[in-house]
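Student: I am new to this structure and would like to work through it with you, one question at a time.
Tutor: Gladly; let us look at it together before we begin.

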Amino acid sequence: QVQLVESGGGLVQAGGSLRLSCAASRNIFSLNVMGWYRQAPGKQRELVASITSGGTTHYADSVKGRFTISRDNAKNTVYLQMNSLKPEDTAVYYCNANGDYTAYHPLYSWGQGTQVTVSS
């Protein structure tokens, strides 16, 4: 059974930090590229960071240098450390397996996501 459970969102002031977590069922996680995505109101969902099973990472230009994706293969969990947050980072954040290292290609049904709100 496919399962993705995101957590860790919240309300933070600009310049602050949050750490998101995503617990994935083993059949999703084990050999896949995992990605963090976000969808802001009125905008399309976008891929912001991805990580291969071996730990190679890729970031969207808008978050490069501020966000860090990591994974714990033993726990089937992927993390997103978000620093120097900006109001434009406000969105619902989701994780998923991604069929490509850099391009948007989610593979499974979405979880509930976690809301991140950055106040100015």
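Tutor: Before we turn to the sheets, note that two strands pair if DSSP finds at least two bridges between them, and that helices (H or I, at least four residues) and strands (E, at least two) are DSSP runs numbered from the N terminus. This is a predicted model, in which local features need pLDDT of at least 70 and side-chain atom pairs count only at pLDDT 80 or more, while totals for chains, interfaces and linings use all residues. Residues are numbered from 1 along each chain as its sequence is written, and side-chain values use heavy atoms, with hydrogens and water left out.

Student: In what order do the four strands of the antiparallel open sheet stand?
Tutor: Strand β1 (residues 4–7) is joined to β3 by four antiparallel bridges, and β3 in turn pairs with strand β8 (residues 77–82) over six bridges, again in the antiparallel sense. Strand β8 also pairs with β7 in the antiparallel sense, over six bridges. The order of this open sheet is therefore β1-β3-β8-β7.

Student: Which strands stand at the edges of that sheet?
Tutor: An edge strand here has a single partner strand, so one side of it is left without a neighbour in the sheet. From one strand to the next the twist averages 15°, where axes are lines fitted to C-alpha atoms (for helices over the stretch in contact) and angles run from 0 to 180 degrees between N-to-C directions. The strands at the edges are β1 and β7 (67–72).

Student: Which residue in β8 is the bridge partner of Cys 22?
Tutor: We can follow individual positions across the sheet, beginning with Leu 4, which stands opposite Ala 24 in β3. Further along, Ser 21 is placed opposite Tyr 79 in β8. For Cys 22, the bridge partner in β8 is Val 78.

Student: Is β3 largely enclosed by the rest of the structure or largely open?
Tutor: Burial is judged by relative accessible area, with buried meaning under 20%, exposed over 50% and partly exposed in between (1.4 Å probe, protein chains only). In strand β3 (residues 18–24), five of the seven residues are buried, so the strand is largely enclosed.

Student: Which residues make up the uncovered face of β7?
Tutor: The covered face of β7 holds Phe 67, Ile 69 and Arg 71. On its other face is Thr 68, which stands opposite Gln 81 in β8. The uncovered face consists of Thr 68, Ser 70 and Asp 72.

Student: What phi does Asn 76 take in the hairpin of β7 and β8?
Tutor: Most residues other than glycine have a negative phi. Asn 76 is found in the loop between β7 and β8, and at 17% relative accessibility it counts as buried. The hairpin has four residues between the strands, and there the phi of Asn 76 is positive, near 50°.

Student: How exposed is Ser 84, in relative accessible area?
Tutor: Ser 84 lies in the loop between β8 and β9, and its phi is near 50°, a positive value in a residue other than glycine. Ser 84 is partly exposed, and its relative accessible area is 40%.

Student: How many residues does the largest nonpolar core have?
Tutor: A nonpolar core is a set of buried Ala, Val, Leu, Ile, Met, Phe, Trp, Tyr and Cys residues joined through side-chain atoms within 4.5 Å. Among those with the most contacts inside the largest one are Met 34, Trp 36 and Tyr 93. Met 34 touches residues including Leu 4, Ile 28, Ile 69 and Val 78, not counting residues up to four places away in sequence, with contact meaning heavy atoms within 4.5 Å. The size of this largest core is 29 residues.

Student: In what order do the six strands of the mixed open sheet stand?
Tutor: Within this sheet β9 and β10 pair in the antiparallel sense over three bridges, and Tyr 93 has Thr 114 as its bridge partner in β10. The order of the six strands is β2-β10-β9-β4-β5-β6.

Student: What pattern does the chain follow along the sequence?
Tutor: The chain has one helix and ten strands. Read along the sequence, the pattern is β-β-β-α-β-β-β-β-β-β-β.
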